[in-house]
Every structure is written in C-alpha cells, then in structure tokens.
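The following report describes a protein model through its helices, its strand pairs and one cysteine. Please read it alongside the sequence and the coordinates.

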Amino acid sequence: MAEKQKVQTSTKVLCSKCGKDYYISFVADGHRDYFCDKCLKEMHHNRKKGNIKKVFDKRKKINVYEFICDLCDCFRRAVYSPEIINGNILCKECEAKKKAQDRKKMRKNVIIVKNVKS
Ligand SMILES: [Zn+2]
Ligand SMILES: [Zn+2]
C-alpha cells in the first residue's frame, strides 16, 4: 500500500476585525471576510446580546431563560425571566445591585416628615 502523504492546506489570512493574522485549514479565496476564533466568539456573543431565549430544559422539565446580562456581560441560564431596566437585560445579581444603588440615590431625596397628631 502506498502511503498517502497528508498535505495540510492552510492559508494565512488577516482577521477582518482585529487585524491579526492566523491560519485557516482551507484555501481562502480572499473574497470574503475572515475572523479569528476570538473575534468569532465575540461576535457570536454580541449577536446573542439583547435577546432572551426561552428554552425547555428536558432534564429539569422546566422552562429556562437564556440571556446575556448587559451589566456583567455574563451568559446566564436562569429559571426566571430577567428584568429589563432601561432597555438593559439584567441578571438577578445585577438587578439587586442596581436596585440597591437606586435606593441609595432615592434616600438622598427623601425628607422625613413626622406625623404629628394633634
Ligand atoms: Zn480577530
Ligand atoms: Zn449581571
């Protein structure tokens, strides 16, 4: 049996986003944009942003919500539907943080009036 030599085709391309060069395992025709893994991941992440996806968790047999929190930028999978404040999707932790902040802000404007019964 003749041994077939494996030729790995790789093309050096420039990432259209960060400008870094990297190698791809196929021949690039140069007519489209190429993105490195890091940028692809980032773009995928950003595309998911702003969306709340309701999915059914077959194992737990409950509906869960998949979203990316606008404040901490973390991908979350939660049993609760996230709070949307000023157009931002917030996870429970950030929502609690934000509410605590708002409460602090509000307290400054509160004038305590004593009810004096006559
Ligand atoms: Zn890149
Ligand atoms: Zn968050």
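In this predicted model, helix H2, which runs over residues 92-109, is hardly covered, since the count of buried residues among its 18 residues is 1. Its length can be checked against its residue count: at 1.5 Å a residue, the 18 residues of H2 should span 26 Å, and because the end C-alpha atoms are 26 Å apart, the expected and computed values agree.

Helix H1, residues 37-48, can be examined in the same way: its 12 residues should span 16 Å at 1.5 Å a residue, and its end C-alpha atoms lie 17 Å apart, which agrees. H1 is also hardly covered, with a count of 0 buried residues among its 12 residues. After H1 comes Gly-50, a residue whose phi is positive, near 85°.

The table sets the two helices side by side.

| Helix | Residues | Expected span | Distance between end C-alpha atoms |
|---|---|---|---|
| H1 | 37-48 | 16 Å | 17 Å |
| H2 | 92-109 | 26 Å | 26 Å |

Two hairpins come next. Strand E1 (residues 11-14) pairs with strand E2 (residues 21-24) in the antiparallel sense, over 4 bridges, and within this pairing Val-13 stands opposite Tyr-22 in E2. The hairpin of E1 and E2 has 6 residues between the strands, and Gly-19 takes a positive phi near 80° there.

Strand E3 (residues 53-57) and strand E4 (residues 62-68) likewise pair in the antiparallel sense, in this case over 5 bridges, with Asp-57 standing opposite Ile-62 in E4. Between these strands the hairpin has 4 residues, and in this hairpin Lys-61 takes a positive phi near 60°. Strand E3 is hardly covered, for the count of buried residues among its 5 residues is 0.

What surrounds Cys-69, and is this residue buried or exposed? Cys-69 is found in the loop between E4 and strand E5 (75-78), and it counts as buried because 20 other C-beta atoms lie within 10 Å, where the cut-off for a buried residue is 20 or more. Leaving aside residues up to four places away in sequence, Cys-69 touches Cys-74, Arg-76, Ile-89, Leu-90, Cys-91 and Cys-94. A further relation links Cys-69 with Asn-51: the two are 18 residues apart in sequence, and their C-alpha atoms are 9.8 Å apart in space.

Technical notes:
Residues are numbered from 1 along each chain as its sequence is written. Chains are lettered from A and ligands numbered from 1 in the order in which they are written. This is a predicted model: local features need pLDDT of at least 70, side-chain atom pairs count only at pLDDT 80 or more; totals for chains, interfaces and linings use all residues. Two strands pair if DSSP finds at least two bridges between them. The expected span of a helix is 1.5 Å times one less than its number of residues. Two residues are in contact if their C-beta atoms, placed from the backbone, lie within 7 Å.
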